[in-house]
Structure formats: C-alpha cells, structure tokens
Amino acid sequence: MIRDRRERVIFRLRILAMNINSIKIATVTAGYVAAVWVLCSIAVVIAPDTLRYISGAMMHLDLSQWDWEMGMDTFVVGLLAWSFFSWVTVWCIVTLYQYS
C-alpha cells in the first residue's frame with residue numbers, strides 16, 4: 001500500500017516536471033494571432049469609421065483625421081509581422097521558463 005502511494009506521488013511529480021514544447025506553443029499562438037489579424041482586418045474594411053473611433057477611445061486619442069485604408073499589401077505585411085513577432089515572443093518566454 002505504501003509503495004503504491006509513493007509511486008503515485010512520483011508519477012504526479014513527473015507529470016508536473018514535463019517539458020513544454022516551445023515550438024508547438026509558439027506555432028499555435030502565431031496561428032491564433034493570425035486569425036485575430038484576419039478578423040480585425042475584415043472589420044476595418046467593413047466599418048473603418050467605427051473602429052477608428054473605438055481605437056481612438058481605447059488610446060485616448062483623436063484618430064478622426066487619420067485615413068484607414070486596408071490594402072492587400074498592408075494586410076499581408078501586418079499578418080506576417082504580427083505572426084512572426086508573436087511566435088518569437090512566445091518561443092523566448094517558454095524557452096526561458098523551462099531553463100529557469
């Protein structure tokens with residue numbers, strides 16, 4: 001009985017000490033960020049004035065003079081940039097966490 005209990009505790013500790021796959025988590029995060037970018041870009045195309053007002057309110061700025069046009073070039077650059085930087089950020093955080 002005691003041996004069974006001890007083995008169960010050791011098994012639970014091994015589960016807690018599992019390594020996190022930093023590449024998988026970073027890839028999933030980049031995919032999520034890409035999906036959010038696509039949805040936000042669609043929203044900007046559909047209702048640019050409303051989103052300009054909401055963004056300005058969140059940042060306490062007057063963005064009414066800004067021109068928001070979502071072209072294919074800005075869409076692709078934003079999609080790649082946000083996905084890449086989110087991947088790198090999450091990979092760094094998870095890797096540093098595992099080795100700390």
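At what angle do the axes of helix 2 and helix 4 cross, and within what distance do they come? In this predicted model, the two axes come within 8 Å and cross at roughly 150°. Because angles over 145 degrees count as roughly antiparallel, helix 2 is roughly antiparallel to helix 4. The crossing of this pair is right-handed. Helix 2 covers residues 22–46, and helix 4 covers residues 72–98.

These two elements belong to a protein chain with four helices and zero strands. Read from the N terminus, the order of elements is α-α-α-α. Of the 100 residues in the protein chain, 18% are buried.

Helix 2 contains residues that differ in burial. Val44, located in helix 2, has a relative accessible area of 15% and is therefore buried, since the limit for burial is under 20%. In space, the C-alpha atom of Val44 lies 7.1 Å from that of Met70, although 26 residues separate Val44 and Met70 in sequence. Ile42 is likewise found in helix 2, but its relative accessibility is 45%, so Ile42 counts as partly exposed; this class falls between the limits of 20% and 50%.

Ile42 also contributes to a nonpolar surface patch. The other contributors to this patch are Val38, Leu39, Val45 and Ile46, and its area is about 490 Å². Residues enter such a patch with over 30% relative accessible area, a condition in keeping with the 45% computed for Ile42.

A charged contact is present in helix 3, which spans residues 48–59. Side chains of opposite charge can pair when their charged atoms come close. Asp49 forms a salt bridge with Arg52, and the closest N and O atoms of the pair are 2.9 Å apart; the criterion for a salt bridge is a separation within 4 Å. By this rule, the count comes to one salt bridge. Asp49 and Arg52 are three residues apart in helix 3, and the pair is therefore separated by about one helical turn.

The two partners of the salt bridge fall into opposite accessibility classes. Asp49 has a relative accessibility of 54% and so counts as exposed, whereas Arg52, at 12%, counts as buried. The salt bridge thus joins Asp49 to Arg52, with an exposed residue on one side and a buried residue on the other.

How values were computed. Residues are numbered from 1 along each chain as its sequence is written. This is a predicted model: local features need pLDDT of at least 70, side-chain atom pairs count only at pLDDT 80 or more; totals for chains, interfaces and linings use all residues. Side-chain values use heavy atoms; hydrogens and water are left out. Patches are made of residues with over 30% relative accessible area and no salt bridge: like charges are joined within 9 Å, nonpolar side chains (Val, Leu, Ile, Met, Phe, Trp, Tyr) within 5 Å. Accessible areas come from the Shrake-Rupley method with a 1.4 Å probe; for residues, only the protein chains shown count as cover. A salt bridge is a side-chain nitrogen of Lys or Arg within 4 Å of a carboxyl oxygen of Asp or Glu. Buried means under 20% relative accessible area, exposed over 50%, partly exposed in between (1.4 Å probe, protein chains only). Axes are lines fitted to C-alpha atoms, for helices over the stretch in contact, and angles run from 0 to 180 degrees between N-to-C directions. Angles under 35 degrees count as roughly parallel, over 145 as roughly antiparallel, 65 to 115 as roughly perpendicular and the rest as oblique. A crossing is left-handed if the near helix is turned anticlockwise from the far one by less than a right angle, and right-handed if clockwise.
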